Amino acid sequence: INAEYMGDIKLIVDDPQHSDTNPTHSNILEGFKGLAAGADAGDSLFFHYSGHGGQVRDTSGEELDKYDETIIPVDYQSAGQITDDVLLESLVLPLPANCQLTVLMDCCHSGTVLDLPYSFKASDTNMAPIFDGGYFNPNSVPQMGFNPKFDFQKAIRIGAAVFRAWHGGKGWGGMATAAWNEFVR
């Protein structure tokens with residue numbers, strides 16, 4: 001990694017010699033906050049998670065399969081797992097418009113761990129056009145499928161809560177008003 005960009009990179013690793021960067025529940029959430037807080041329109045961000053993933057019983061009743069997908073921090077027994085709802089609220093929704101976030105999840109149950117409206121399944125059928133004839137085809141666009149677990153109403157509620165928190169609870173009115181005001185700025 002080019003040393004010039006190291007200040008832009010936050011590493012949270014399971015390394016006993018660096019306990020301040022262990023992937024604890026708190027450190028992971030603080031990393032999300034730091035990523036979102038420093039983001040501007042036009043930025044390209046990257047988040048990579050390699051670790052354990054899991055599922056916990058959905059207590060809100062919003063998941064069709066009755067389970068929230070999770071990532072599992074090293075202190076999960078005392079601090080709990082980080083659910084897909086928390087990932088969406090703290091990693092995705094706070095980002096500004098026109099900011100690109102690329103997420104690579106190397107864990108079990110990662111397919112819908114961000115609760116996004118679309119998902120991509122890397123099946124042979126979906127990957128074939130990308131590697132046409134055994135060669136990478138950069139002009140091929142992967143086929144995105146609608147995520148049947150996506151709950152638009154939940155996304156609106158979370159977005160409204162994030163908006164209210166972002167604006168100190170004052171806001172500009174409803175979400176439509178807020179979106180319009182952002183659009184015309």
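Reader: How many bridges join strand S3 to S4?

Author: In this predicted model, S3 covers residues 67–72 and runs antiparallel to S4. One place to look is Thr-70, which stands opposite Thr-83 in S4. The number of bridges joining S3 to S4 is 2.

Reader: And which strands stand at the edges of that open sheet?

Author: The sheet is open and antiparallel, with its 3 strands in the order S2-S3-S4. An edge strand here has a single partner, so one side of it is left without a neighbour in the sheet. That picks out S2 (52–57) and S4 (82–83).

Reader: OK, on to the inside. Which helices and strand each supply at least two residues of the largest nonpolar core?

Author: That core has 12 residues in all, including Ile-28, Phe-32, Phe-47, Tyr-49, Leu-87 and Leu-91. Apart from it lies another core of 5 residues, with Ala-36 and Leu-45 among them. For the largest one, the suppliers of at least two residues each include H1 (25–37), S1 (44–50) and H3 (84–92).

Reader: What is Leu-87 in contact with, leaving aside neighbours within four places in sequence?

Author: Leu-87 belongs to the largest nonpolar core. Leaving those sequence neighbours aside, its contacts are Phe-32, Ile-71, Ile-82, Val-92, Val-113 and Leu-114.

Reader: Now the surface: is Val-13 buried, partly exposed or exposed?

Author: Val-13 sits in the segment before H1 and, with Ile-9 and Leu-11, makes a nonpolar surface patch of about 230 Å². Buried would need under 20% relative accessible area and exposed over 50%. Val-13 has 36% relative accessibility, so it counts as partly exposed.

Note on methods: Residues numbered from 1 in each chain as written. Predicted model: local features only at pLDDT ≥ 70, side-chain atom pairs only at ≥ 80, totals over all residues. Heavy atoms only, no water. Core = buried A, V, L, I, M, F, W, Y, C linked by side-chain atoms within 4.5 Å. Buried < 20%, exposed > 50% of the residue type's maximum accessible area, 1.4 Å probe, protein only. Helix = DSSP H or I, 4+ residues; strand = E, 2+ residues; numbered from the N terminus. Contact = heavy atoms within 4.5 Å. Patch = residues over 30% accessible without salt bridge, like charges linked within 9 Å, V, L, I, M, F, W, Y side chains within 5 Å. Areas by Shrake-Rupley, 256 points an atom, 1.4 Å probe, with all protein chains shown as cover. Salt bridge = Lys/Arg side-chain N within 4 Å of Asp/Glu carboxyl O. Pairing = 2+ DSSP bridges.
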